[in-house]
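Please look at the model below and ask how each label given to its parts can be justified. The questions that follow take such labels one at a time.

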Amino acid sequence: MHLTVVLFVAVMLALPPAPASAQVRFEVSAGAAGTGAVVRDPIATGSVRDSIPGVQDELSASFATAPRLGIGVVLPMRTRTEAVMRVSWSPSSMQVQEDGGTRDVADVGIFEALLGVRSRVWRALELSGGFGGLYFNGDDAGPFSGGADIAPVLEGGFGAGADRAGHRLHVRGIVQLHRFNTDALQNARISGGSVVRYGIETSLTWKGGAR
Amino acid sequence: MIRRTGLLIIALSALALGCQEPTLPATSIGDIYEFRLNADSLRVLRWPTGSTIRVYINHGADSANAELMATAFERAAAIWNSQALFGEYNIVRASSIETSDVVMRWSADPTPLDVTACVPGFSAGVTTFCFLDPDDPAAGLLPFPPLPPDNPEYDGVKMVVSILSSQAPIPGRADALITHELGHVLGIGRHSPFPEDLMTAGTPPRATLSRRDANTIRLLYHTEPDITP
């Protein structure tokens with residue numbers, strides 16, 4: 001968690017103070033997200049493979065691509081830049097890929113809280129970045145028995161935004177880097193590592209809001 | 001200046017996070033013991049991946065012993081299930097013989113199954129099963145028909161676990177024996193040659209898994225089976 005604290009302080013230092021007249025806006029988002037491998041397990045050493053025929057080559061696990069829904073608040077910082085605070089949720093599942101195919105092993109709700117910055121870089125094109133934390137709420141069994149750590153996450157995004165009927169509509173692709181570890185994996189001496197999460201989303205920002 | 005420093009910290013943090021290894025086990029499985037069944041040749045016996053293995057606890061005449069067995073079973077099932085990190089198997093308690101794959105009993109109680117074709121062995125703890133076709137083990141295991149009043153047509157019971165009733169009063173013994181026998185139920189077809197392992201021959205020295213026991217069951221469930229119950 002120390003990395004999250006460092007990032008929080010860094011972003012606070014990096015952001016200019018909001019003008020007193022800045023209007024807080026609200027945003028809803030919907031999209032889909034999935035991950036690369038969160039566990040890659042070579043199962044056995046070469047000598048074991050030599051002595052026992054039929055040992056599986058490798059097991060890998062990832063989170064299935066699933067809907068991702070969010071709500072947030074947007075605070076204009078400059079003409080082209082705004083700060084975004086968002087929470088979102090994705091009802092996903094952990095999938096295992098092995099020699100015999102792919103199977104679901106656990107339902108997982110992925111909750112995230114992010115603080116970031118979004119900026120128009122050229123015409124409608126936007127860049128965004130942020131950091132926060134992910135929480136994996138899985139069944140208390142298998143890889144999630146005993147619970148999971150809150151994972152620090154970094155996010156980058158690229159997309160476009162357009163004003164429509166007084167509101168702003170965004171479409172963007174996102175890439176996140178986060179840690180993943182659970183008590184059960186630690187007990188099995190499987191170490192935590194970094195995971196790439198990717199997704200696409202659309203969001204709508206209300207022009208009106210609270211001052 | 002402060003803003004630039006902040007952005008630099010963000011960039012460096014991102015780099016540090018991104019450059020770490022993907023999630024990997026600290027070591028691959030190397031320290032195991034032989035788990036294959038010595039049938040006509042060395043055969044891998046295990047339940048199909050993703051199986052729920054339903055165990056019926058035979059109540060018998062002694063309620064205290066029945067409670068002891070049920071408690072020890074729940075504990076042992078949790079220990080083995082904790083090794084099934086990715087849903088390889090799940091041991092649960094069945095509510096009736098007709099919904100079970102395995103029946104567990106104290107030896108002094110009559111068997112609620114027809115065991116004439118496959119007679120349980122005699123030991124402090126023993127897991128009994130027979131091949132449907134002794135010349136072709138891959139054909140699967142012989143079912144134990146339930147005795148009336150249960151439905152004798154039910155052919156789902158493939159293993160019988162018998163625990164010697166005289167072991168019940170010995171503190172901790174039921175835990176150790178039942179945990180050991182569930183290892184055989186899962187498919188560990190041999191005894192460990194290492195005396196500190198749960199799956200060693202004779203009286204189990206412990207009621208928990210050694211690192212070697214855990215490695216062995218994990219490898220078993222990532223090895224292609226020759227025989228499935």
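## Reasons behind the labels

Q: Why is Y221(B) called buried?
A: In this predicted model, Y221(B) has a relative accessible area of 2%, and because buried means under 20%, the residue falls within that class.

Q: What makes Y89(B) buried?
A: The relative accessible area of Y89(B) is 5%, which is also under the 20% limit, so Y89(B) is called buried.

Q: Why are Y89(B) and Y221(B) called a tilted pair?
A: Their ring centres lie 4.8 Å apart, and a pair requires centres within 6.5 Å. The angle between the planes is 55°, and because stacked needs under 30 degrees and edge-to-face over 60, the pair is left in the tilted class.

Q: Which parts does the pair of Y89(B) and Y221(B) tie together?
A: Y89(B) belongs to strand β4 (residues 89-94) of chain B, whereas Y221(B) lies in the segment after α4 (211-220) of chain B, so the pair ties together parts that are 132 residues apart in sequence.

Q: How many aromatic pairs are there over all chains?
A: The count comes to six.

Q: Why is the pair of F144(A) and F180(A) called edge-to-face?
A: The centres are 6.1 Å apart and the planes make an angle of 70°; because the limit for a pair is 6.5 Å and planes over 60 degrees apart count as edge-to-face, both conditions are met. This pair links distant parts of the chain, with F144(A) in the loop between β7 (125-138) and β8 (151-164) of chain A and F180(A) in strand β9 (residues 167-180) of chain A, 36 residues apart. Both F144(A) and F180(A) are buried, and together with F63(A) and F136(A) they form one aromatic cluster.

Q: How do you know that the charged end of R212(B) sits over the ring of F194(B)?
A: The charged end of R212(B) is 3.7 Å from the centre of that ring, and the rule asks for a distance within 6 Å, together with a position within 35 degrees of the ring normal.

Q: How do you know that the length of helix α2 (residues 63-81) of chain B agrees with what is expected?
A: At 1.5 Å a residue, the 19 residues of this helix should span 27 Å, and because its end C-alpha atoms are 26 Å apart, the two values agree. At the start of α2(B), a side-chain oxygen of D62(B) comes to within 2.9 Å of the backbone nitrogen of A64(B).

Q: Against what do the buried residues of α2(B) pack?
A: They pack against β3 (51-57), β4, β5 (102-106), β7 (159-163), α3 (173-186) and α4 of chain B. Among these buried residues are M69(B), F73(B), I79(B) and W80(B). The largest nonpolar core has 74 residues, and W80(B) is one of those with the most contacts inside it, along with F136(A) and I91(B). The largest share of this core, seven residues, comes from α2(B).

Q: Why is α4(B) called largely enclosed?
A: Nine of its ten residues are buried, so the helix is largely enclosed by the rest of the structure. What covers these buried residues includes β2 (37-41) and α2 (46-51) of chain A, together with α2, β4 and α3 of chain B.

Q: What makes α3(B) mostly covered?
A: Twelve of the 14 residues of α3(B) are buried, including L177(B), L182(B) and L186(B). From its first C-alpha to its last, α3(B) reaches 20 Å, close to the 20 Å expected at 1.5 Å a residue. After this helix comes G187(B), whose phi is positive, near 130°.

Q: Why is R172(A) called buried?
A: The relative accessible area of R172(A) is 4%, and because the limit for buried is under 20%, the label applies. R172(A) lies in strand β9 of chain A.

Q: Which side chains are joined to that of R172(A) by a polar contact?
A: A polar contact of 2.3 Å joins it to the side chain of E201(A), and another, of 3.0 Å, joins it to the side chain of S203(A); the limit for such a contact is 3.5 Å.

Technical notes:
Residues are numbered from 1 along each chain as its sequence is written. Chains are lettered from A and ligands numbered from 1 in the order in which they are written. This is a predicted model: local features need pLDDT of at least 70, side-chain atom pairs count only at pLDDT 80 or more; totals for chains, interfaces and linings use all residues. Side-chain values use heavy atoms; hydrogens and water are left out. Helices (H or I, at least four residues) and strands (E, at least two) are DSSP runs, numbered from the N terminus. Buried means under 20% relative accessible area, exposed over 50%, partly exposed in between (1.4 Å probe, protein chains only). The expected span of a helix is 1.5 Å times one less than its number of residues. Contact means heavy atoms within 4.5 Å. A polar contact is a pair of N or O atoms within 3.5 Å; within protein, one must be able to donate a hydrogen and the other to accept it, and residues adjacent in sequence count only if both atoms are side-chain atoms. A nonpolar core is a set of buried Ala, Val, Leu, Ile, Met, Phe, Trp, Tyr and Cys residues joined through side-chain atoms within 4.5 Å.
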